[in-house]
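User: I would like a close look at one part of this model, with its surroundings worked out from the atoms. Please keep to the salt bridges and whatever lies around them.

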Amino acid sequence: QVRLVESGGGLVQPGGSLRLSCTASGFTFSSYVMSWYRQPPGKEREFVATRAGAGLYTNYADSVKGRFAISRDNARNTVYLQMNSLKPEDTAVYYCSAARAWGKQDYWGQGTQVTVSS
C-alpha cells in the first residue's frame, strides 16, 4: 500500500537546525511532485515547500525562504527538508505529501513533531 513515513523531528533551540526525511513506498516516487506542509497546534495545515519529480524546480512559503531547503533522492524514494535558523514559530507537526500533478495532494504521511524552544 501507499505509505509516506516522516522522521527527523525533535526538540531544538532557536537558531538551530534539523533535517527531516520522508521515505515513500507503494507508488512511482519519481513521477510525483513532493511537498512539505506543517500544522502548528490549534491552526490549519499550511504549505512549506515543494520539489518537482524532475528538474530543479522548487517553491517555498515566504515564511521559510532563505532558511529551509527541500531536496529529493529518487533512487532512495526519499524527500528531505533541511531547516536552518529555526524560530519558535516553526514549531508544528510537519507532513510529507505526494501529488501526481500540481495542486491536489494524493498521499499524506503521518507527520513528525518539530519543537523550537529554549
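Analyst: What follows starts from one acidic residue and works outward to the rest of the chain. The model is predicted, and the distances and accessibilities below are computed from its atoms.

The residue to start from is D90, which sits in the loop between β8 (78-83) and β9 (92-99). Is D90 buried or exposed? Its relative accessibility is 0%, so D90 counts as buried, the cut-off for that class being under 20%. Which residues does D90 touch, once those up to four places away in sequence are set aside? They are R38, R67, F68, S85, V114 and V116.

Two of these contacts are with arginines, and both are salt bridges. The side chains of R38 and D90 meet with an N to O distance of 2.9 Å. R38 belongs to strand β4 while D90 is in the loop between β8 and β9, so this pair links distant parts of the chain, 52 residues apart. R38 is buried as well, with a relative accessible area of 4%. The second partner of D90 is R67, and here the closest N and O atoms are 2.7 Å apart. Because R67 lies in the loop between β6 (58-60) and β7 and D90 in the loop between β8 and β9, this salt bridge ties together parts that are 23 residues apart in sequence. R67 is buried, as is D90.

These residues are part of a wider arrangement: R38, E46, R67 and D90 are linked in a network of salt bridges. The structure holds five salt bridges in total. One that can be set beside the D90 pairs joins R76 and D73, with the closest N and O atoms 3.5 Å apart. The setting of that pair is described by its accessibilities: R76 is exposed, with a relative accessible area of 57%, and D73 is partly exposed at 24%. D90, by contrast, has a relative accessible area of 0%.

The side chain of D90 also has a backbone partner. One of its polar atoms lies 2.8 Å from the backbone nitrogen of K87. S85, one of the residues that D90 touches, is in the loop between β8 and β9. S85 has a positive phi of about 50° although it is not a glycine. At 43% relative accessibility, S85 counts as partly exposed. A positive phi is also found at N77, where the value is near 50° and the residue is again not a glycine. N77 lies in the loop between β7 and β8, and at 23% relative accessibility N77 counts as partly exposed.

From this loop the description can move to the nonpolar core. M83 has contacts with R67, F68 and V114, and these three residues are also among those that D90 touches. Beyond four places in sequence, the other contacts of M83 are G16, S17, L18, L20 and Y94. Which residues touch the most other members of the largest nonpolar core? They are W36, L81, M83 and Y94, in a core of 28 residues. Strands β3, β4 (33-39), β5 (46-51), β7 (68-73), β8, β9 and β11 (112-116) each supply at least two residues of this core.

Strand β9, which follows the loop of D90, also takes part in a covalent link. C22 and C96 form a disulfide, with their sulfur atoms 2.2 Å apart. C22 is in strand β3 (residues 18-25) and C96 in strand β9, so the pair links distant parts of the chain, 74 residues apart. The angle about the S-S bond is -80°, and the link is left-handed. C22 and C96 are both buried. The structure holds one disulfide.

In short, D90 is a buried loop residue with salt bridges to R38 and R67, and its side chain also has a polar atom 2.8 Å from the backbone nitrogen of K87. The residues that D90 touches include F68 and V114, which M83 touches too, and M83 is one of the four residues with the most contacts to other members of the largest nonpolar core.

Terms used: Residues are numbered from 1 along each chain as its sequence is written. This is a predicted model: local features need pLDDT of at least 70, side-chain atom pairs count only at pLDDT 80 or more; totals for chains, interfaces and linings use all residues. Side-chain values use heavy atoms; hydrogens and water are left out. Helices (H or I, at least four residues) and strands (E, at least two) are DSSP runs, numbered from the N terminus. Buried means under 20% relative accessible area, exposed over 50%, partly exposed in between (1.4 Å probe, protein chains only). A polar contact is a pair of N or O atoms within 3.5 Å; within protein, one must be able to donate a hydrogen and the other to accept it, and residues adjacent in sequence count only if both atoms are side-chain atoms. Contact means heavy atoms within 4.5 Å. A disulfide is a pair of cysteine sulfur atoms within 2.5 Å. A nonpolar core is a set of buried Ala, Val, Leu, Ile, Met, Phe, Trp, Tyr and Cys residues joined through side-chain atoms within 4.5 Å. A salt bridge is a side-chain nitrogen of Lys or Arg within 4 Å of a carboxyl oxygen of Asp or Glu.
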